[in-house]
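Me: I would like to go through the labels on this model and ask what each one rests on. Please keep the answers short.

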Amino acid sequence: MPLQFADQATVILVAQLRMMRNMLSRRGKIASIFNGVVTSFWYLLAAFVAYIAYGVFANPPEEFELGYYIRMALLATTIYWQVTPVLTVSFGLALDLKRLLIFPIRPNQFYLLELILCIPTSLEPLIVSVGVFLGLLVNSRCNPALVVLAGAGFLCFNLCLNVAVRALVSRMSSMRLWREGLVFLLVSVALIPQWILLKRETGSWLSYLQAVLAFPLTPWSAAADVATGASLGQSLPLLAAFALGSLVLGRLLFLRFLTAETGSDRGAGRSRLSASPARPFADLRAHAANWLGRFFPEPLASLVEKEFLTFTRSPRFVTVFIMGFTFGIIVFLPIALNPGESPGFMYRNFLAVVSAYAILLMSETVFWNVFGLDRKAVQMFLFAPLPMQTVFLAKNIVGFFMVCLQVFLISLACSAIGVPVTLNGVAEAFVTALVLAVNMFAVGNQSSVRYPGGVNPEQSWSSANKAKFRVVLILFFPIVSLPTSLAYVARFAFGSDAGFYAGMLVAALIAVTFYLVSLDSTIEYARLHREDLVDLLGTTDTAV
């Protein structure tokens, strides 16, 4: 007799928790403790925000326009809930439910399981939303029954919509061309508010925000009106329609993509792909890899070609690489187009700032975890009669090439959209990026052997667990970039470009010395722990 749904859900949730625990414990006790501390701090911060929201909405001042601020809080929560997992390239570590299709589980139960499993990736906005509605629940100006209805409808809408977004983006990210198109779509959506803010002659940003909040046909407006008891004849059916629509849409997309590819379909697809003629992009990549390898002797040349092909064939790398010269520019675009009366540091060094941000985006695959895309194949490097120094040099050389290509594309894109680009600015961006990359490799080679982890190259979106680990590494970025920052301090102190380049020369000498010392230590550690490295790199983002 089949298990009841509660028993099935319990078994799957226990498997989820054990899988997360095992993946963390395989990284070592120190790494597990460190990750636990950072994760606890992050959720405590979310709880603190929820506590503030509770206090604000529980006892608001008399002049407090309650409905307006409820809309603002719910809009911010919705944006974080739906957009942040995409922009941070994180969709959470979860079980692959396709592996469970052979079990007697009904489709609706699969959908409920997915809703339960996506809660860990939505915990922060869920905590804040609960804080908002708990505050409204004890507010004497609100009807508790209506607050409960508003909270249930709003949470149902966001949770189901999150499942739909996860299913849609995960499916698109596994399809070539669609995957890159998805990145450009996200970048285009992110560009809209930036251009709105640039149109100062049509009104301030606050007027646009007020227009969005005042528009009644939105889920946050409907939830706010239901909670305050305003226009119940319109807001209550509207909120129910949003919740029901997201439920149906999430179920439709999830089940459609869950059963879209069976094992036989995937095998037939691979056969058709292998039988089809090679695409022009494959030939272009091969020629580029061959050209890059000509500058080095064997076996370094072969390793350089292999690393170049690995990067260019990996959706994980291609996604963040494209985001570097598109989304990276968009983030700082208002500063470039509106310098104000006295242009500041960001405006004068726009190319260097965007290049540093692009390096930060590429850091996971290019710097912090250089063996991640190799996974189990790393044993070829560790056990073959091949000097480990040559392996690291090949990976770092290709990383330098990608950094230079990124800076070139950033300069080209800035010139195309009208951002002022000078030859001196391009030269400074190249020098800054290369010196920063040397320091990044010095630290990244160490983290690659001490905290390694295999990644799925066909998966554009990484796990929430690894996303939190990247947050920790981002905190070290200012320390790693300190030598290059001192060169800009030297320019400010001496008031000349000569001071900048003299400071950058000193920073380059420090970086090269740091890199060589770190490389020797990295090679020695990898030689002593080669079996552990192979074992840890066999763990990928794709779960059972």
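**Labels and their reasons**

Reply: Start with α9 and α10, which are oblique to each other. Keep in mind that this is a predicted model.

Me: Why are α9 and α10 called oblique?

Reply: The axes of helix α9 (residues 219-228) and helix α10 (residues 232-258) cross at roughly 130 degrees. Roughly perpendicular covers 65 to 115 degrees, and roughly antiparallel needs over 145. The crossing angle fits neither class, so the two helices count as oblique. The axes come within 8 Å. The crossing of α9 past α10 is left-handed.

Me: Which residues in α9 and α10 meet?

Reply: From α9 come P219, A222, A223, D225 and V226. They meet L232, S235, L236, L238, L239 and F242 of α10. By class, the contact holds nine nonpolar residues, one polar and one charged.

Me: What is listed for S231 in the loop between α9 and α10?

Reply: S231 has a positive phi, about 50 degrees, although it is not a glycine.

Me: What makes the bond between E298 and P299 a cis peptide bond?

Reply: Omega is about 0 degrees there. P299 sits in the loop between α12 (280-293) and α13 (300-313).

Me: Is N158 buried or exposed, and why?

Reply: Its relative accessibility is 0%. Buried means under 20%, so N158 counts as buried. N158 belongs to helix α6 (residues 144-173). Leaving aside neighbours within four places in sequence, N158 is in contact with T78, W81 and Q82.

Me: Why does L115 count as buried?

Reply: L115 has 10% relative accessibility, which is under the 20% limit, so the label holds. L115 lies in helix α4 (residues 107-117). Outside the neighbours within four places in sequence, L115 is in contact with L159, C160 and V163. L115 and L159 are 44 residues apart in sequence, yet 7.0 Å apart in space, C-alpha to C-alpha.

Me: How many aromatic pairs are there?

Reply: The count comes to 13 aromatic pairs. One of them is F367 with F441, at 4.7 Å centre to centre and 55 degrees between the planes.

Me: Why is the pair of F367 and F441 called tilted?

Reply: The centres, at 4.7 Å, lie within the 6.5 Å limit, so the rings pair. Stacked needs planes under 30 degrees apart, and edge-to-face needs over 60. An angle of 55 degrees meets neither condition, so the pair is tilted. The pair links distant parts of the chain, with F367 in helix α18 (residues 363-368) and F441 in helix α21 (residues 423-450), 74 residues apart. Both F367 and F441 are buried.

Me: What makes the pair of F371 and F392 edge-to-face?

Reply: The planes are 80 degrees apart, which is over 60, so the pair is edge-to-face. The centres are 5.4 Å apart, within the 6.5 Å limit. This pair also links distant parts of the chain, 21 residues apart. F371 is in the loop between α18 and α19 (379-383), and F392 is in helix α20 (residues 388-416).

Me: How do you know that F371 and F392 are buried?

Reply: F371 has 1% relative accessibility, under the 20% limit, so F371 counts as buried. F392 has 0%, so F392 counts as buried too.

Me: Which residues form one aromatic cluster?

Reply: F311, F317, F321 and F325 form one.

Terms used: Residues are numbered from 1 along each chain as its sequence is written. This is a predicted model: local features need pLDDT of at least 70, side-chain atom pairs count only at pLDDT 80 or more; totals for chains, interfaces and linings use all residues. Side-chain values use heavy atoms; hydrogens and water are left out. Axes are lines fitted to C-alpha atoms, for helices over the stretch in contact, and angles run from 0 to 180 degrees between N-to-C directions. Helices (H or I, at least four residues) and strands (E, at least two) are DSSP runs, numbered from the N terminus. Angles under 35 degrees count as roughly parallel, over 145 as roughly antiparallel, 65 to 115 as roughly perpendicular and the rest as oblique. A crossing is left-handed if the near helix is turned anticlockwise from the far one by less than a right angle, and right-handed if clockwise. Contact means heavy atoms within 4.5 Å. Ala, Val, Leu, Ile, Met, Phe, Trp, Tyr, Cys and Pro count as nonpolar, Asp, Glu, Lys and Arg as charged, and the others, Gly among them, as polar. Buried means under 20% relative accessible area, exposed over 50%, partly exposed in between (1.4 Å probe, protein chains only). Rings of Phe, Tyr and Trp (its six-membered ring) pair if their centres lie within 6.5 Å; planes under 30 degrees apart count as stacked, over 60 as edge-to-face and the rest as tilted.
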